[in-house]
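Let's take a walk through this structure together, one meeting surface at a time. Have the sequence and the 3D view open as you read.

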Amino acid sequence: MTTTLPPSLLATLPGTAYTDPAVFAHEQELIFERMWFCAVRASDVADAGDFRTVTVGRESVIVVRGHDGAVNAFFNVCRHRGARVCTEEAGSVKRTLRCQYHAWSYDLDGRLVAAPNLVHMPDIDRVAFGLRPAHTREWLGYVWVCVADEPPSFSDDVVGAVVTRLGDVASIDRYALQDLAVGAHIRYDVRANWKLIIENFMECYHCSTIHPELVSVLPEFAKGYAAQYFVGHGAEFGPRIEGFTVDGSPGHGTIPTLAPEQDRRYYAVTVRPNLFINLVPDHAILMRMTPLAADRTIVECDWLFQPHIVAQGRDLTASVELFDRVNRQDFDACELCQPAMSSRAYAGGGVLVPSEHHLADFHAWLSARLSPTSPAHD
Amino acid sequence: MTTTLPPSLLATLPGTAYTDPAVFAHEQELIFERMWFCAVRASDVADAGDFRTVTVGRESVIVVRGHDGAVNAFFNVCRHRGARVCTEEAGSVKRTLRCQYHAWSYDLDGRLVAAPNLVHMPDIDRVAFGLRPAHTREWLGYVWVCVADEPPSFSDDVVGAVVTRLGDVASIDRYALQDLAVGAHIRYDVRANWKLIIENFMECYHCSTIHPELVSVLPEFAKGYAAQYFVGHGAEFGPRIEGFTVDGSPGHGTIPTLAPEQDRRYYAVTVRPNLFINLVPDHAILMRMTPLAADRTIVECDWLFQPHIVAQGRDLTASVELFDRVNRQDFDACELCQPAMSSRAYAGGGVLVPSEHHLADFHAWLSARLSPTSPAHD
Amino acid sequence: MTTTLPPSLLATLPGTAYTDPAVFAHEQELIFERMWFCAVRASDVADAGDFRTVTVGRESVIVVRGHDGAVNAFFNVCRHRGARVCTEEAGSVKRTLRCQYHAWSYDLDGRLVAAPNLVHMPDIDRVAFGLRPAHTREWLGYVWVCVADEPPSFSDDVVGAVVTRLGDVASIDRYALQDLAVGAHIRYDVRANWKLIIENFMECYHCSTIHPELVSVLPEFAKGYAAQYFVGHGAEFGPRIEGFTVDGSPGHGTIPTLAPEQDRRYYAVTVRPNLFINLVPDHAILMRMTPLAADRTIVECDWLFQPHIVAQGRDLTASVELFDRVNRQDFDACELCQPAMSSRAYAGGGVLVPSEHHLADFHAWLSARLSPTSPAHD
């Protein structure tokens, strides 16, 4: 590795950042188990008793809608002997979450309400021995979970990330994401570190090489500068493009509350640590990452459309196929990088060209989060 | 985790005891490679030259019947260059155990008796360069192996465990286990720590939840107290129960040497570290555990009946199915617990209700075995 | 383990040398990534632009023929963001090796020749940011690669190994290995440590036990002494043997440049760390090892014949089958040893009989290479 770089180039992280299990464990502890984590689509737990089990950092968490309409989250660990309480990824219960081992049963607020012989153990506090809670918030039609004892500011970390990118919160509110319906969902199992996926999402220097369909819709991407490079900027559709579709054919109208300057534009937002937001005039594409190992990440991608579009059973193929192709092209590229991260030729890392220089902000943020003097270490 | 527990509750082990590879390696070294390990049914090596290869702790061991009728055990490692001598799980040889690599051959007492050019190497001591022996004992129709240099007292550790539970040795002798025949054998591959399996076997607080068939045969189990909770106690069959079968239908007579108070009773005994004994009037169910990893344990279960019952080809289905169901119900429960052992919500462990308080004895025993000042550390 | 051995016996390495991942990592660093590694058959990259990707130590390396006819080798890591540049095991390019992620393109000398926006980054040195090179040499029709910064002497380490075994370099030159053609190629995936494979190749004490076909062709092997035991010695064909074939039937003539004393003889040479050479009158068998883990090694075996023999499509089955059987017999034996290497019964290692005593040289060499005061540690 050259030790001094010419002005055109900035350094990336060293290769071990993407392969070392100890670094990954640190990231789980100090990032994914400390920050707000975008966990499920709120409509996936629409009614009281509906639940999902999700992986947050290294924890299994139950996200369940309560009888009061609020969403609760609990560590998926019975307080008695530690069995998983919910063993399915999704389901619905009437009144209680019941452990299958010894039948300890918890209400939707986590309180212990029944167990064999419980009446003979009056000294057991029903809340102290209830399910251990995690923090929750709903925004944009998603449920965020934080498994830390003290959650960071949702307004600073989550809303702030969107504002920093788009300029104001009104810009995203106009898409009314909480009112859109899920038109398609695809789960990708990516054999690459989660940071390679973020870095890939943040830059467009690769667009001309691997994304012919996307560049055809958004010609400015051929120049290599991502929309995320500039605050508030949305990439403009090409002159003959009628919609954000794989062939440029028309989409499904325009979300009526958009501002005129948001039409015929594509916006991308990264909300650390695990959410990507893509906004186009007639739909939105939201991607949640779940890191499972230093070299493996699950990505859940939702395509959201206006409810009547989904209800009418419209053919969404041309819309969904565009970003599904983009995703596969991107994840293939990340998987090309992962095995080389352990090479001595990458021990000092690689380089960022000018249109990638903003990735250095992500690296600085990471370094601060993982530093021993960071407030994340409490 | 609450730091002070109400009187109803005692603490379990912390979660890491079930997941940490270093703890597991310690258990292998200080428990399974130091104690008497119930290895094979004696009738599986009935005749001279019959052998079985078994895993004891982290060692492969050959158990072979000698020409004098005694059972010998050897490390399954050729003294020359270390090849496995026996590569099959079971087999029979005429006179020698012969290594397939360089044909070093050992008699059934482990003595080196032949090798290419051996006559030109007269300075090789045939015993010193014989197979390395392990200690063996036969009891209850099983062969126990100890791979430690100095075995602990068989009488204290193995016979003593039975006496402590049943009150005297005569109580088990009356079942004449050494004379029974294997009517059925099932091997279970359980994705859980061996200690979860022991804890499960020792308590009956889960019986009413997961064992409907067993509780139907032994109604007192519905109260949550295991037979093992009381010295000498056997759980009584329900009034309309005719045998220890999946539907309460009659079994296959009564072992004639039983005492009257042993009829219509179920007794369970845990012989640490790896044997469970279940005694009912007409048969016995013996289960040997082989831990393979912190999260994986093999369980071999034998159903033993009077020899004429097996010889006559009687239908044993109703008898075997009862405990096969119990086993599957139990192992499913253990597998529910294993993944949650690494949660921060279980870092301080779980709790034991009053009918589980006797599990604390097992935890105290474990802690003593693994302590650096234990006599197990020699 | 006995602490003092009788004169007939020498000690082997201890068992951990074959199982410990830390030892294996040291071997990768200090042996496979420091020494000359026999990588590919030169004819596999015959023309300009032909490439192979090979694993050298823990590195993926591109071996490619340049326009000047010389072979170059490069770390298979894009200098930009670390993607694998060549993703296929073998292929051919016209002018450049092009990364699939951002289209950085390198000529066959490794120089950066094209990239999106590269003209706007004139401060990027095309050589400094070219592919990182590795050292190469061609000999005997093979390409050797060294990924160390400073390669050791090829003449001492590689040519020297052949001379030490055969007595002079002329002895191997007479086989004209660089002019022979590949008549057959088999890849073996061996679940054993690479040192077990070397030790097996170096001794013939096992020949009478596991190699009936080989001993039938080379009767002196029945005595247990390998050809490699004596400098310059070749094992002689049995009196009724007409060729080095599975049934002793005639082979395919004699390489015309051989000396008379090389006819009807088999020679074996070990070139550390990864090449085995077998020489017989009408062909040669060259085997390259690639260690992947402490318990896994890939072996690539080439059968080389005079070009006209291959060109005429002669039936090579009887020739190929002999050593293919020998290989499978050997690798089965190595796989028998691997699992016992972790036994406490092998903690102190095994023993070498007189006909294996020369293996102690290999062990002394290993020990010197891995010692902290070795010149390999620079």
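What follows looks at two places where parts of the structure meet.

Before anything else, keep in mind that this is a predicted model. Start with chain A. The domain assignment splits chain A into domain 1, covering 36-146, and domain 2, covering 154-369. If you take the C-alpha centres of these two domains of chain A, they sit 32 Å apart.

So how many residues of domain 1 of chain A are in contact with domain 2 of chain A? There are 15 of them, and they meet 21 residues of domain 2 of chain A. Together, the two domains of chain A bury about 1600 Å² between them, with carbon and sulfur atoms giving 66% of that area. On the domain 1 side, three residues stand out: Arg41(A), Trp139(A) and Leu140(A) supply 38% of the area that domain 1 of chain A buries against domain 2 of chain A, more than any other three residues.

What about polar links across this domain interface? There are 0 salt bridges between domain 1 and domain 2 of chain A, but 5 residue pairs are in polar contact across the interface, counting pairs with both residues at pLDDT 80 or more. To find the domain 1 surface in the 3D view, look for three strands of chain A: β2 (37-41), β10 (133-139) and β11 (142-146), each of which supplies at least two residues to the side touching domain 2 of chain A. Of the elements on that side, β2(A) gives the most, with 5 residues. Sorted by class, the domain 1 side that touches domain 2 of chain A has 9 nonpolar, 3 polar and 3 charged residues.

Now move over to chains B and C. Here the contact takes 28 residues from chain B and 34 residues from chain C. Chain B and chain C bury about 2600 Å² between them, and carbon and sulfur atoms give 56% of it.

How many salt bridges cross the interface of chain B and chain C? The count is 4. One salt bridge you can look up joins Glu59(B) to Arg344(C), where the closest N and O atoms are 3.9 Å apart. Polar contacts turn up here too, with 17 residue pairs between chain B and chain C, both residues at pLDDT 80 or more. As for the kinds of residue involved, the side of chain B that touches chain C is made up of 13 nonpolar, 7 polar and 8 charged residues.

Technical notes: Residues numbered from 1 in each chain as written. Chains lettered and ligands numbered in written order. Predicted model: local features only at pLDDT ≥ 70, side-chain atom pairs only at ≥ 80, totals over all residues. Heavy atoms only, no water. Domains from an automatic or database assignment. Contact = heavy atoms within 4.5 Å. Buried area = accessible area lost by both parts, 1.4 Å probe. Salt bridge = Lys/Arg side-chain N within 4 Å of Asp/Glu carboxyl O. Polar contact = N/O pair within 3.5 Å; in protein donor to acceptor, adjacent residues only side chain to side chain. Helix = DSSP H or I, 4+ residues; strand = E, 2+ residues; numbered from the N terminus. Nonpolar A, V, L, I, M, F, W, Y, C, P; charged D, E, K, R; others polar.
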